[in-house]
Amino acid sequence: MNNSSTKNGSRNAGRTIDIVNKGLKRRYRKEKRFRLYGILSIAASAAFLAFLLTSIVMNGYSAFLQTCIRLDVPIEAGMIDESNPKRSDFQGIIKSAIREYYPDVTERREKRELYSLFSSGAAYQLRNNVLDNPPEAGATLSLWVLADDDVDMLMKGHMKRDVPESERRLNDRQLRWIEKLENDDRIEKRFNTTFFTSGDSREPELAGIWGAVRGSFYTMLVTLALSFPIGIAAAVYLEEFAPKNLATDFIEVNINNLAAVPSIVFGLLGLAVFLNFFGMPRSTPLVGGIVLMLMTLPTIIIASRAALKAVPPSIREAALGVGSSKLQVVSSHVLPLALPGMLTGTIIGMAQALGETAPLLMIGMVAFIVDIPGGFTDPAAVMPVQIYLWADSPERAFVEKTSAAIMVLLGFLIAMNALAVVMRKKFERRW
Amino acid sequence: MLDVLNTTTVEKRNLAPRDSRKTIGTVNVPNPRMVCRNVNVYYGDKQAIRNVTIDIGCNEVLSMIGPSGCGKSTFLRCLNRMNDTIDNCRVEGDIIFEGNDIYDPSIDVVPLRAQVGMVFQKPNPFPKSIYENIAWAPKIHGIVESKSDADEIVETSLVKAGLWEEVKDRLDQPGTGLSGGQQQRLCIARAIAVSPEVILMDEPCSALDPIATAKIEDLIEELRSHYTIAIVTHSMQQAARVSQRTAFFHLGDLIEVGKTDDVFTKPLHQLTEDYITGRYG
Ligand SMILES: Nc1ncnc2c1ncn2[C@@H]1O[C@H](COP(=O)(O)OP(=O)(O)O)[C@@H](O)[C@H]1O
Ligand SMILES: [Mg+2]
């Protein structure tokens with residue numbers, strides 16, 4: 001073999017290259033095919049994602065607008081309680097203003113139908129307005145008050161006008177009243193600040209995401225404050241200090257198992273331990289945060305250990321070689337290098353927790369909560385639970401609210417993931 | 001002395017036979033810095049070092065040569081207990097430094113490693129600035145307290161390592177941004193910043209080009225006046241150039257040890273002769 005190759009070196013080489021060339025086409029075809037598969041699968045996932053996002057946006061963007069009606073409210077002497085303006089009958093003032101605009105509506109039932117075009121929140125709008133700058137008697141306030149959700153749906157085209165009366169929630173009379181408003185340019189869709197500033201409500205036009213955002217914020221704060229230090233400490237101990245023996249193997253297996261446990265199980269645990277045994281307050285960010293911490297810990301520990309493992313051993317040897325203690329090696333050299341990976345893991349865990357519903361249902365965070373939580377022990381909802389609640393509501397107007405809330409949640413998730421990228425870039429040492 | 005490496009004929013002498021595993025030559029020195037007696041090292045069940053007995057003298061450069069896998073690094077890493085970091089590694093026998101057995105349970109490895117520093121095969125500066133690379137160890141040991149102390153130690157260490165002129169204007173730049181040879185000299189500077197008694201070097205030039213290697217070799221020659229140096233090398237030329245004594249390892253046994261000149265010109269063991277004449281490697 002060796003001999004022939006030296007004798008017929010050139011011919012042999014020619015043959016080899018022939019063989020190579022023959023196979024070349026097949027090799028390239030294979031590579032092309034593989035690339036095609038890759039592109040196809042990326043295209044498929046991109047298409048699904050695009051479909052999902054478009055459907056959410058199409059459904060939800062209209063929730064950012066809200067139909068409002070301009071109402072002229074004449075303030076007559078005696079309407080406002082001088083000694084205690086807060087106790088004035090604002091509902092009555094609104095009603096009289098409505099009657100003034102529709103002088104020909106006199107019958108009791110008709111009046112009720114007329115009032116129902118306006119949101120019950122109109123009285124609160126008037127109240128706030130009056131308390132902020134008290135009007136003089138005789139003045140006329142021109143207010144944009146919220147329309148009822150049925151009117152809102154009609155204006156947004158979700159309710160057809162040309163179907164038989166029995167098939168829509170607004171009757172012909174009500175449509176005529178709305179037409180009057182339209183002719184007078186008194187009805188229009190305006191930016192929906194209510195959605196971003198209020199808590200949940202039975203009335204769709206008064207329901208907002210802010211309560212859930214605050215609830216999520218407090219819950220995440222608890223989760224982060226607990227899971228980051230505990231997770232990092234556990235990971236550092238297991239990776240750098242713990243002896244490798246049966247006990248640590250057992251712990252490692254269990255951490256990996258915990259990462260795969262269905263999240264509702266953590267909810268059950270929270271219910272049994274924190275609510276029933278420790279008697280912590282139900283439906284609160286404190287308990288929700290602790291439960292989500294249990295769920296996030298395995299993710300953080302696993303990611304942090306991977307980040308620690310990725311630190312080159314030569315750095316540890318170098319530091320040990322000049323006589324540093326293990327703790328000094330870890331704190332001065334290993335941790336700074338592993339920190340970007342740890343932060344990424346933490347933020348991914350937090351993003352998971354932010355979108356988590358099931359465990360929170362178990363600890364009562366599914367309650368209908370109108371008030372905006374002001375702290376860790378106030379009853380609160382969180383964003384995914386709010387989405388779940390709205391998705392479950394029968395009113396047509398909650399459909400768009402659901403999608404809008406999903407958009408807000410996605411916005412937070414994207415922001416968090418972007419933060420993860422930025423942090424990694426910032427802390428990563430490129431030397 | 002170097003000629004011997006190139007000549008294939010060595011004058012006939014009485015050599016110990018190839019299968020003799022007893023250490024031959026002069027193990028003892030008059031004024032030893034470290035004394036190793038019957039050192040055995042095991043990785044799990046596998047024995048990597050067998051019954052090694054050797055002295056390392058003051059202010060001498062001891063080179064350790066031998067075919068790869070013969071246990072040079074393993075033995076070197078015993079001398080400052082770097083083997084502790086390997087889980088299944090077990091060391092038996094006595095290694096005496098400053099009158100104490102360093103494997104005695106009462107011995108703390110932290111001060112030991114401050115006294116017996118190490119330079120590794122692959123340059124491994126910390127991913128920090130050049131300044132931090134040098135100043136970190138003195139800081140953690142409490143050798144320096146003020147900024148000016150640290151500045152001084154950084155300068156003297158870099159000067160001793162022959163790197164000062166090259167880096168004095170960019171001390172705040174990353175140590176990993178230097179060339180391979182500069183990185184290795186930075187690592188040497190880092191090791192001498194804590195004023196060790198002994199410096200262990202494990203093939204410090206194997207990743208370097210000839211010019212950088214020459215610089216390191218000159219540096220070793222200079223450092224010898226202050227420190228005791230044990231160096232592992234796969235290059236016999238390097239061993240011949242830098243060391244006063246040479247130890248030849250083979251499959252876990254210390255085969256021969258003696259004055260470098262003697263080992264390279266008049267080896268006492270057949271295996272040594274085979275090795276230095278390039279009959280195997
Ligand atoms: N961490 C380790 N675990 C198990 N065996 C090892 C380890 N390190 C080295 N060895 C073995 O010990 C022997 C000596 O290795 P080493 O000291 O690195 O040799 P040298 O440095 O002379 O090339 C080799 O057979 C090697 O396979
Ligand atoms: Mg080696």
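Which residue in E5(B) does B:Met34 stand opposite? Select B:Met34 and look across: B:Phe97 in E5(B) stands opposite. Keep in mind throughout that this is a predicted model.

**Stop 1: strands of chain B**

Select strand E2 of chain B, residues 32-43. Add strand E5 of chain B, residues 89-97. E2(B) and E5(B) pair in the antiparallel sense, over eight bridges.

Now add strand E3 of chain B, residues 46-57. E3(B) also pairs with E2(B) in the antiparallel sense, and eight bridges join them. Pick B:Val35 and find its bridge partner in E3(B), B:Asp55. Then go to the turn. Two residues lie between the strands of the E2(B)-E3(B) hairpin. Click B:Gly44 there; its phi is positive, near 65°.

While the strands are on screen, check the side chains. In a regular strand they alternate between the two faces of the sheet.

**Stop 2: salt bridges in chain B**

Select B:Asp253 and B:Arg21. Their side chains meet in a salt bridge, 2.8 Å from N to O. B:Asp253 lies in strand E11 (residues 253-259) of chain B, and B:Arg21 in the loop between helix H1 (3-6) and strand E1 (24-25) of chain B, so the pair ties together parts 232 residues apart in sequence. Is each partner buried or exposed? B:Asp253 is buried, with a relative accessible area of 7%. B:Arg21 counts as partly exposed, at 31% relative accessibility.

Next, select B:Asp262 and B:Lys266. They form a salt bridge, with the closest N and O atoms 3.7 Å apart. B:Asp262 is partly exposed at 33%. B:Lys266 is partly exposed too, at 41%.

**Stop 3: where the chains meet**

Show chain A and chain B together. The contact takes 18 residues from chain A and 24 residues from chain B. About 1,900 Å² is buried between the two chains, 64% of it on carbon and sulfur atoms.

How many salt bridges cross the interface of chain A and chain B? The rule finds one. Zoom in on A:Glu317 and B:Arg77, whose side chains meet in a salt bridge at 2.9 Å, N to O. Six residue pairs are in polar contact across the interface.

Color helix H13 (313-321) and helix H14 (326-354) of chain A; these are the elements that give two or more residues to the side of chain A that touches chain B. H13(A) gives the most, with seven residues. By class, that side of chain A has seven nonpolar, eight polar and three charged residues.

**Stop 4: helix H4 of chain A**

Select residues 108-115 of chain A, helix H4. The buried residues here are A:Glu110, A:Glu113, A:Leu114 and A:Tyr115. Their cover includes helix H3 (90-101) and helix H7 (172-183) of chain A.

Now pick A:Glu113 and A:Arg173. They form a salt bridge, the closest N and O atoms being 3.0 Å apart. The pair links H4(A) to H7(A), 60 residues apart. A:Glu113 counts as buried at 14% relative accessibility, while A:Arg173 counts as partly exposed at 24%. Add A:Arg109 and A:Glu110: these two are linked with A:Glu113 and A:Arg173 in a network of salt bridges.

**Stop 5: helix H16 of chain A**

Finish at residues 383-391 of chain A, helix H16. Seven of its nine residues are buried, among them A:Met383, A:Pro384 and A:Trp390. Show the surroundings: the buried residues of H16(A) pack against helices H8, H9, H14, H15 and H17 of chain A.

Notes:
Residues numbered from 1 in each chain as written. Chains lettered and ligands numbered in written order. Predicted model: local features only at pLDDT ≥ 70, side-chain atom pairs only at ≥ 80, totals over all residues. Heavy atoms only, no water. Buried < 20%, exposed > 50% of the residue type's maximum accessible area, 1.4 Å probe, protein only. Helix = DSSP H or I, 4+ residues; strand = E, 2+ residues; numbered from the N terminus. Contact = heavy atoms within 4.5 Å. Pairing = 2+ DSSP bridges. Buried area = accessible area lost by both parts, 1.4 Å probe. Salt bridge = Lys/Arg side-chain N within 4 Å of Asp/Glu carboxyl O. Polar contact = N/O pair within 3.5 Å; in protein donor to acceptor, adjacent residues only side chain to side chain. Nonpolar A, V, L, I, M, F, W, Y, C, P; charged D, E, K, R; others polar.
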